[in-house]
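User: I am new to reading protein models, and I would like to go through this one step by step. Could you take my questions in turn?

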Amino acid sequence: MRTQKRFNMQGNRVAYHIIQSFSPNDSITPAQANRIGKKLCQELYPNYECVISTHMDKGHIHNHIALNAINLNGTKLNDRLGDTREGLYGLSNTSDKIAAQYGCYIMPKRTFSKIKNKDYYYQYKEQSWKQKIKEDIENLLIKCSSLEELLEELSISGYEIKRGKYISVKIMGMQRFARLSTIDKKYTEQNLYKYYQSQNNIKLLGIKTSQNEFNSILFRKANESKEAIEKTQLAIEGKRYCQYQKTRYEEIKRYYQLKQQLEYLDKYNIKSFNDIENQIENKRLQMKSLNKDLKKNKDKFNEIIERTEKAQDYIKLYKDYQYAMSYKEIDEDYVLPAEVELFLSIQNELNIHSVDEAKQLIKASRLDRITINKLKKEVLDLQRELNHLDTIKEEKLSNSSLFIHNIKFGSNRIDYKLSNDEYFCINLPYTKEKVYIKKKYTAFNEKHQYYTLYLVDDKEYELYDENNKLMKNITGIELEQYVLDKKKEIDKGYSEIKVA
């Protein structure tokens, strides 16, 4: 009052009341809590008069801080919300920073905005998925010796992996794939590659398959890779050759791909092109059957997954709820964090009122979740094997003297409604026309995410219009030229567009 009279302060706001609360589980003494309050005032309000009173009457330690509305120079406190120092945000951040130095629990920040009609739970899950993916990658990173092995281990852990321009992953419950580069910049393909190229001491797993006439080229290439990698092991110890390391890493990646392909040939006793095609067809039929089971039980599975996820989130958020309620007891105007509102929403939806009930719900769904995970893993394993077999098939077709011409196209060019177990109906690139090609004469390149259609130069193919009416018969060489001519027309059209 004396300070305010001295500067003839106007207005009726004489002081501010700050409550700084600590978790009941924080291992600090009242004296330490008072010291934290003092440090807060010294850092934020060094020229203001404060009274710091530490209480223990609510079952947990908390400070009451009375702060003069005017400082010793006669300047009023700037209490504007957005002020990063004296305002509410500055107060909260500085308090958290100091308390964290003493090992105190810090309430989570409101990390998503409250926008009308927004799905708060999905926003929350998006963050928790990112954290889970990050934790899983960090755990596997040091256990693996290459990027390929890391992705393989993630796949075994239940992740769907998508390789294209970016590496993306999706785990059960996620609505969309997430790029690894958006989880953390250090997980870009280039940075992961740099990480593994810096790991010099790589122990290669040996090839367990035997050489035969059909796998001889793959076998020779794999052994050449293995020998080159092992010979350069001693040469790089204690040295840094960036470009050399890059080449070496690519060789290691190539070796493991070749090794895996050889193992699949051995596993399924593949000795001919027809054996490959039969095995690919078997895999497709198995995947079709498994996907049918997943689709048939989709709603049931989704409900089980969602309830289990929410029960797990209830347990995670329970502490935040307890702390928030203790803060609410002190200050009835305290605004509950979004995470606590989410906790209450989950509690109401699942009709549970304790952590034990949430655990019981998770336990009850265990067998169903095992069934779901087993089906998902089988599909992922089949897809992985299918990709490797397709790579071998692509190489065999490309090296065959029978197929001189080929057309590359994306999977979106396949009309699955008009396709059957034997034939793909393909909407030709750059055109509205379509052809029917035996699946055995197409191969999928998983790395670049495109199909290749292989053509015999003098064989005749039927060309259909967009309404699926037969237009004419056309040879393989003519069909390839037809697509190339259409591409040139489109390229020319774009080159003639004048940009203002």
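User: Is Y318 buried, exposed or partly exposed?

Analyst: This is a predicted model, in which local features need pLDDT of at least 70 and side-chain atom pairs count only at pLDDT 80 or more, whereas totals for chains, interfaces and linings use all residues. Residues are numbered from 1 along each chain as its sequence is written, and side-chain values use heavy atoms, with hydrogens and water left out. Buried means under 20% relative accessible area, exposed means over 50%, and partly exposed lies in between, for a 1.4 Å probe and protein chains only. Y318 has a relative accessibility of 25%, so Y318 counts as partly exposed.

User: Which helix holds both Y314 and Y318?

Analyst: Helices are DSSP runs of H or I with at least four residues, numbered from the N terminus. Y314 and Y318 are four residues apart, which is about one turn of the helix, and both lie in α11.

User: Is Y314 buried or exposed?

Analyst: The cut-offs given for Y318 serve here too, and the relative accessible area of Y314 is 0%. Y314 is therefore buried.

User: Where does Y323 lie, and which part of the chain holds Y105?

Analyst: The two residues form a pair that links distant parts of the chain, 218 residues apart. Y323 lies in helix α11, while Y105 lies in the loop between α3 (88-101) and α4 (120-141).

User: Which of the words buried and partly exposed fits Y105, and which fits Y323?

Analyst: Y105 has 26% relative accessibility, so Y105 counts as partly exposed. Y323 has a relative accessible area of 3%, and therefore Y323 is buried.

User: At what angle do helix α11 and helix α14 pack?

Analyst: Two packed helices are described by the angle between their axes and the distance between the axes. Axes are lines fitted to C-alpha atoms, for helices over the stretch in contact, and angles run from 0 to 180 degrees between N-to-C directions. The axes of α11 (residues 298-330) and α14 (residues 366-398) are 10 Å apart, and the helices pack at an angle of about 115°.

User: Which residues of α14 make the contact with α11?

Analyst: Contact means heavy atoms within 4.5 Å. From α11 come K300, F301, I304, I305 and T308, and from α14 come D368, R369, I372 and L375.

User: Which residue lies over the face of Y166?

Analyst: A charge sits over a ring if NZ of Lys or CZ of Arg is within 6 Å of the ring centre and within 35 degrees of the ring normal. At 3.8 Å from the ring centre of Y166, the residue over its face is R179.
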